[in-house]
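Notebook open, structure loaded. I wanted to look up a few side-chain contacts and jot down what turned up.

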Amino acid sequence: MRKILIVGAGQSGLQLALGLQSQGYEVTLMSNRTADEIRSGRVMSTQCMFDTALQHERDLGLNFWESQAPRTEGLGVSVAAPDSTRAIDWVGRLDGYAQSVDQRVKMAGWMDTFAQRGGQLVIHGVAVGDLDYFSRSYDLVLVAAGKGELVSMFGRDASRSPYDAPQRALAVAYVHGLGPRPEHPDFDAVRCNVVPGVGELFVMPTLTTGGRADILFWEGVPDGPLDVFRGVKDPSEHLALTLELMEKFVPWEYARATRVELTDAGGTLAGRYAPTVRNPIGRLPGGGLVLGVADVVVANDPVTGQGSNSASKCAAAYLAAIVEQGDRPFDAEWMQSAFDRYWQTAQHVTKWTNAMLAPPPEHVLNLLGAAGQLQPVADRFANGFNDPSDFENFFFDPEKTNAYLASVAGA
């Protein structure tokens with residue numbers, strides 16, 4: 001029985017640990033917090049998982065909250081005009097529904113399950129020196145903790161990382177009491193509200209520790225009017241700022257948010273990071289090798305909502321690669337091939353996300369505008385969030401965009 005150590009208990013680390021456990025591997029999982037500490041702590045993300053990523057959870061029987069979480073059946077885009085009306089407003093229907101489960105609920109639940117199924121769960125913050133010591137006892141060590149000292153073992157891949165500074169200031173609030181969008185009250189949709197030159201507001205339904213809720217998520221251009229959350233420690237002040245900015249820049253969303261309140265004292269989050277792709281193999285002081293997982297090696301800005309989706313896809317790719325390796329060594333060549341397998345999907349996410357952080361070129365504005373007139377365009381754009389590789393066919397290249405729009409209009 002091969003022994004595997006996974007450091008980090010997020011979407012990818014836990015999904016991989018539970019998947020390996022189900023295949024009979026002897027898995028040790030290290031987390032710097034207990035399940036109860038995660039459950040009662042601060043929100044960690046704005047996860048919205050689309051159909052392909054959700055299917056990876058279903059395949060492992062880990063979709064514990066599928067019947068409880070809101071089913072998100074659409075994805076809408078609004079673009080603010082200079083007078084704070086909507087220059088563009090449409091919603092595309094998803095082929096398969098998306099869902100969001102607060103990571104405090106999911107990670108704590110999965111961690112309990114891993115332990116109940118006989119997994120070795122170690123609550124311990126890990127430094128590089130610890131890993132050097134532990135690595136000698138395992139056939140494979142995976143690092144799935146995307147922050148802190150361990151990430152420094154994985155060098156930045158400059159050829160795949162065009163940005164060296166954060167491109168958005170992030171501010172999240174989980175709320176109860178948000179009213180429905182009057183245009184589409186009959187189904188749930190993620191809403192992406194673009195304020196050109198200023199940033200974006202995302203609104204998405206979720207399941208949190210206190211039941212159904214909604215997430216209000218500002219992505220502000222650094223040093224712009226939305227970049228005001230740094231240093232705000234009081235959750236009520238954070239929410240007040242969120243709403244004040246909504247009233248000013250996206251009044252159509254503010255209109256349904258006048259009665260909201262925070263889900264709990266831990267329902268806010270703010271921060272920023274530079275989108276970065278790193279080399280997948282880390283070398284320990286004693287010569288051992290470790291493999292980076294998910295956002296340790298590919299950290300995209302959340303502007304396209306891909307973080308937990310990519311984490312799920314990475315875990316699925318690595319699980320298949322580990323099982324296929326059988327009893328052969330997990331050497332550097334295998335580690336690189338496992339990452340390359342994941343990069344087949346991750347490369348499309350990175351390209352699209354980095355493009356969405358820049359001011360949109362004319363052909364993309366034309367595409368977004370056309371989606372308001374042509375429902376097939378809106379639907380295809382929405383479903384690109386599930387399969388970002390499709391954007392290669394109609395998004396990046398003006399000629400492809402124009403040809404696609406002409407074909408839909410002609411039909």
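Aromatic pairs first: I get 17 of them in this structure, which is a predicted model. I pulled up Trp 352 and Phe 391, a stacked pair at 4.4 Å centre to centre with 25 degrees between the planes. Trp 352 belongs to helix 9 (residues 332-357), while Phe 391 is in the loop between helix 11 (375-383) and helix 12 (398-410), so this pair ties together parts 39 residues apart in sequence. Phe 391 also pairs with Phe 394, this time tilted, at 5.5 Å and 35 degrees. I checked burial too: Trp 352 comes out at 0% relative accessible area, and Phe 391 and Phe 394 are both buried.

These rings belong to one aromatic cluster, whose members include Phe 50, Trp 90, Trp 352, Phe 391, Phe 394 and Tyr 404. Phe 396 is in that cluster as well, and I found Lys 351 over its face, 4.4 Å from the ring centre. Elsewhere, the charged end of Lys 3 sits over the ring of Tyr 138, 5.4 Å from the centre.

Next entry, cysteines. How many disulfides are there? My search of the whole structure gave zero. For Cys 48, the closest cysteine sulfur is in Cys 192, 12 Å away, so too far for a bond. Cys 314 has its closest one in Cys 48, at 19 Å, again too far. Both are buried: Cys 48 at 6% relative accessible area and Cys 314 at 0%.

Last, helix 8. I noted residues 307-325, reaching 27 Å from first C-alpha to last, close to the expected 27 Å. Of its 19 residues, 14 are buried. Just after the helix, Gly 326 takes a positive phi of about 60 degrees.

Note on methods
Residues numbered from 1 in each chain as written. Predicted model: local features only at pLDDT ≥ 70, side-chain atom pairs only at ≥ 80, totals over all residues. Heavy atoms only, no water. Disulfide = S-S within 2.5 Å. Buried < 20%, exposed > 50% of the residue type's maximum accessible area, 1.4 Å probe, protein only. Helix = DSSP H or I, 4+ residues; strand = E, 2+ residues; numbered from the N terminus. Expected span 1.5 Å × (residues − 1). Phe/Tyr/Trp six-rings, centres within 6.5 Å; stacked < 30°, edge-to-face > 60°. Lys NZ or Arg CZ within 6 Å of the ring centre and 35° of its normal.
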